[in-house]
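Thank you all for making time this morning. I would like to walk you through one chain, and I will ask you to keep the display in view while I talk.

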Amino acid sequence: MARTRRTISIDEKIEQQKQVVSQAKDKYEAALAELDRLQQKKDEVRNKELIEAISNSSRSYEDIMAFLKDGGSQD
C-alpha cells in the first residue's frame, strides 16, 4: 500500500507543478502583451515626431524622399 500512496503523492505533485507552470505561462503571456503594447506606443510616438519634423522642415517631400532612398549619402 505504501507504493500506491507514494504514487498518488507524486501524481499530486505533478498536478501542482502543472498549475505552477500554467500560472507562470499566463504571467509570461501578460508580460509579453504589455511589452508589445509599449513597443507599439513607442513606435506611434516616434512616427508622430517624424511627421512633425517633416512638417516643420524647409525641405520638400521630394528632397526628403530622395534623402531617404539614397541613404543620405552626399555625392
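Of the 75 residues in this chain, 1% count as buried, and I should say at once that we are looking at a predicted model. The accessible surface of the chain comes to about 7500 Å², and carbon and sulfur atoms account for 53% of that area. As for secondary structure, the chain has two helices and zero strands. The helix called α1 covers residues 2-56, and the helix called α2 covers 61-69.

Let me take the salt bridges next, of which the structure holds three. One of them joins Lys 18 to Glu 15, with the closest N and O atoms 3.6 Å apart. Why are these two separated by about one helical turn? Because Lys 18 and Glu 15 are three residues apart in helix α1. Lys 18, at 52% relative accessibility, counts as exposed, since the cut-off for that class is over 50%, whereas Glu 15, with a relative accessible area of 43%, is partly exposed.

Moving along α1, the side chains of Glu 29 and Lys 25 meet in a salt bridge at 4.0 Å, N to O; for those of you who think about thresholds, the criterion here is a nitrogen within 4 Å of a carboxyl oxygen. Glu 29 and Lys 25 are four residues apart in helix α1, so about one helical turn separates them. With a relative accessible area of 40%, Glu 29 is partly exposed.

Then there is the pair of Glu 34 and Arg 37, whose closest N and O atoms are 2.8 Å apart in their salt bridge. Both residues lie in helix α1, three residues apart, which is about one turn of the helix. Glu 34 counts as partly exposed at 35% relative accessibility, and Arg 37 is likewise partly exposed, with a relative accessible area of 42%.

Now to the nonpolar side of the surface. Which residues make the nonpolar patch of about 310 Å²? They are Tyr 28, Leu 32 and Leu 35. Tyr 28 has its place in helix α1, and because its relative accessibility is 53%, Tyr 28 counts as exposed.

Finally, I would like to turn to the pockets. In general, rolling a probe the size of a water molecule over the atoms shows where empty space is left. In this model, the largest pocket holds about 200 Å³ of space, and its lining consists of Leu 50, Ile 54, Arg 59, Asp 63, Ile 64, Phe 67 and Leu 68. Sorted by character, those lining residues divide into five nonpolar, no polar and two charged. Which helix gives the largest share of the lining of the largest pocket? That is α2, with four residues, although α1 and α2 each supply at least two residues of that lining.

To look at one lining residue in detail, Ile 54 is found in helix α1, and at 39% relative accessibility Ile 54 counts as partly exposed. Its partner in the lining, Ile 64, is 10 residues away from Ile 54 in sequence, and the C-alpha to C-alpha distance between Ile 54 and Ile 64 is 8.1 Å in space.

So, to gather the picture before we open the discussion: we have a predicted model with two helices and zero strands, three salt bridges, a nonpolar patch made by Tyr 28, Leu 32 and Leu 35, and a largest pocket to whose lining α1 and α2 each contribute at least two residues.

Methods
Residues are numbered from 1 along each chain as its sequence is written. This is a predicted model: local features need pLDDT of at least 70, side-chain atom pairs count only at pLDDT 80 or more; totals for chains, interfaces and linings use all residues. Side-chain values use heavy atoms; hydrogens and water are left out. Buried means under 20% relative accessible area, exposed over 50%, partly exposed in between (1.4 Å probe, protein chains only). Accessible areas come from the Shrake-Rupley method with a 1.4 Å probe; for residues, only the protein chains shown count as cover. Patches are made of residues with over 30% relative accessible area and no salt bridge: like charges are joined within 9 Å, nonpolar side chains (Val, Leu, Ile, Met, Phe, Trp, Tyr) within 5 Å. On a 1 Å grid over the protein atoms alone, a cavity is a set of points where a 1.4 Å probe fits but cannot get out, and a pocket is an open set with protein on both sides within 12 Å along at least five of seven lines; lining residues have an atom within 4 Å of a point. Grid points are joined across faces, edges and corners, and a volume is the space filled by probe spheres set on the points. Ala, Val, Leu, Ile, Met, Phe, Trp, Tyr, Cys and Pro count as nonpolar, Asp, Glu, Lys and Arg as charged, and the others, Gly among them, as polar.
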